Amino acid sequence: MFIQERLETPIRGEYDAIVVGAGPAGCGAAIALGRAGMKTLLIEKFNCLGGAWTTGFMNPFFDYNNKSGIVNELVTALKERGQFGGFWDRSFNYEYMKHILEQKMTEAGVEVLYNTTFSRTLAEGNRVYGIVAENIGGRFAAMAKTVVDCTGDGNVAAAAGCPFELGVDGDYRECQAMTLMFLVGNIPEAYRDGLMLFEKLNAAYNKAGKEIPFRVPYLIPVPNSHFGVVQFTHMYEHDPLDAQALTRATMEGRQQLIDAFEFLTRYDPDFKDLELITSSSVLGVRESRRIIGEYYLTEEDILSGARFEDAVAHVTFGADLHTKSNKGQHCFKVQPYHIPLRALVPKGYKGILVAGRCISGSREAMASYRVTGNCAQMGENAGRYLAESIRTGTDILEVKLPTELLLPQ
Ligand SMILES: Cc1cc2nc3c(=O)[nH]c(=O)nc-3n(C[C@H](O)[C@H](O)[C@H](O)COP(=O)(O)OP(=O)(O)OC[C@H]3O[C@@H](n4cnc5c(N)ncnc54)[C@H](O)[C@@H]3O)c2cc1C
């Protein structure tokens with residue numbers, strides 16, 4: 001059953017670029033575009049910048065230490081304020097991350113719209129020329145020379161009809177587990193550098209007569225504080241593209257975190273005074289759409305250290321798949337490799353790029369490049385390519401930029 005709607009949608013404006021989603025990839029892209037003098041609109045459905053970094057209570061900041069550009073700027077700014085370090089020398093304070101990103105976005109002259117949700121693409125055939133979005137003011141359209149999909153889930157590209165992969169041969173049950181992160185306070189002094197929580201949690205679960213849902217949990221303190229985030233809950237076989245399944249996964253996650261908190265405080269004297277602060281308002285989805293691009297990054301590429309002339313990111317982080325089979329992680333090392341711009345260009349489409357975890361690659365490759373240092377770097381360099389393409393009126397696939405400038409080692 002369908003209803004037919006007749007809508008008159010006001011046009012908000014025309015932009016060089018519209019970036020949808022303000023996670024690490026979207027922030028990198030928007031800042032680079034703004035700095036290059038491009039008229040840029042960034043829309044975000046929540047009320048801050050950072051995506052999983054901030055709304056998802058994600059920590060620590062992986063694959064940052066070989067990076068220049070925005071990644072290095074963020075880490076430097078966080079360190080200057082005493083808000084970076086601690087756990088594996090890469091944990092950060094969420095509120096400072098939001099604030100520093102807002103400062104950089106403002107300095108770059110990017111127009112930011114919070115509480116604004118993308119709803120559809122405007123396209124003629126395979127050429128995207130704008131979006132429709134909604135917020136408190138209603139629906140609006142905005143036109144752009146290029147739309148950059150940084151939604152994590154590839155929502156914009158999918159709405160434009162770009163082909164994508166999901167799980168194994170479309171089976172979402174093979175996607176990595178989802179996690180609802182939660183904050184705890186009053187962490188005992190002895191554990192303020194962080195802790196692999198398995199032994200303690202497993203013992204508490206045993207005492208409670210329950211089976212632990214995940215075998216590699218971590219307590220990750222935020223620097224210079226008594227609080228931190230627990231990476232523990234694991235929800236398997238939920239469809240990341242179905243709102244009802246995401247709701248079920250969220251509720252399952254909340255049950256798991258309440259159990260974990262109650263068992264730990266009840267059965268482990270070290271944690272008797274631990275406080276439960278809150279869970280993130282966004283469910284952590286590790287894996288969903290992978291948009292098919294002009295290049296498809298393979299497991300062989302990441303194992304052999306592939307290099308590309310159009311490189312936009314230099315990845316050193318190993319693959320990390322959160323699998324149901326072992327209720328743990330399947331990890332393997334990679335040979336440091338490049339991501340080419342072509343993996344960010346949906347195959348056969350114009351006027352649209354993707355950046356972040358939804359780019360074109362296999363599940364195994366994604367399990368390595370998905371971490372935030374890589375998403376931010378590829379977003380930033382995609383923004384640089386796009387700005388040059390717009391400035392010179394050249395198709396983005398024809399633009400040449402020196403790798404040593406984008407990825408100085
Ligand atoms: C549980 C979990 C733990 C992780 N742990 C780590 C870790 O320790 N270290 C690490 O570096 N990485 C970690 N990762 C990986 C990393 O967080 C993500 O892969 C990364 O954030 C992806 O970046 P992104 O910019 O592509 O997407 P996201 O960070 O997901 O950002 C996407 C943004 O788009 C917005 N958006 C989505 N749809 C719309 C829409 N329709 N309209 C408007 N806005 C929209 C979202 O609100 C969000 O702000 C973890 C991931 C998960 C799920």
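Reader: How many residues of domain 1 are in contact with residues of domain 2?
Author: On each side there are 25: that many residues of domain 1 are in contact with 25 residues of domain 2, where contact needs C-beta atoms, placed from the backbone, within 7 Å. On the domain 1 side of this meeting there are 8 nonpolar, 13 polar and 4 charged residues. Here Ala, Val, Leu, Ile, Met, Phe, Trp, Tyr, Cys and Pro count as nonpolar, Asp, Glu, Lys and Arg as charged, and the others, Gly among them, as polar.

This is a predicted model, in which local features need pLDDT of at least 70 and side-chain atom pairs count only at pLDDT 80 or more, while totals for chains, interfaces and linings use all residues. Residues are numbered from 1 along each chain as its sequence is written.

Reader: What are the bounds in the domain assignment?
Author: Domain 1 covers 11-170 + 287-406 and domain 2 covers 177-285; such bounds come from an automatic or database domain assignment. Their C-alpha centres lie 28 Å apart.

Reader: Good. Now, what makes the largest nonpolar core, and where are its most contacts?
Author: A nonpolar core joins buried Ala, Val, Leu, Ile, Met, Phe, Trp, Tyr and Cys residues through C-beta atoms within 7 Å. The largest one here has 128 residues, and Val148, Leu344, Ala355 and Ala382 have the most contacts inside it. Helix 9 (residues 372-392) gives the most, with 8 residues.

Reader: Where does this core lie, and why?
Author: Domain 1 and domain 2 both give residues to the core, so it lies between them.

Reader: Why is helix 1 called mostly covered?
Author: Because a residue is buried if 20 or more other C-beta atoms (placed from the backbone) lie within 10 Å of its own, exposed if 12 or fewer, and partly exposed in between. By that count, 11 of the 12 residues of helix 1 are buried; they pack against elements including strand 1 (11-20), strand 8 (138-149) and helix 9. Helices are DSSP runs of H or I with at least four residues, and strands are runs of E with at least two, numbered from the N terminus.

Reader: How do you know what span to expect for helix 1?
Author: The expected span is 1.5 Å times one less than the number of residues. Helix 1 has 12 residues and reaches 16 Å from first C-alpha to last, close to the 16 Å expected.

Reader: Lastly, how many residues surround the ligand?
Author: There are 36, the closest being Gly21, Gly23, Gly51, Gly284 and Gly356; a residue qualifies if its C-beta atom, placed from the backbone, lies within 6 Å. Helix 1 gives the most to this shell, with 3 residues.

Technical notes: Two residues are in contact if their C-beta atoms, placed from the backbone, lie within 7 Å.
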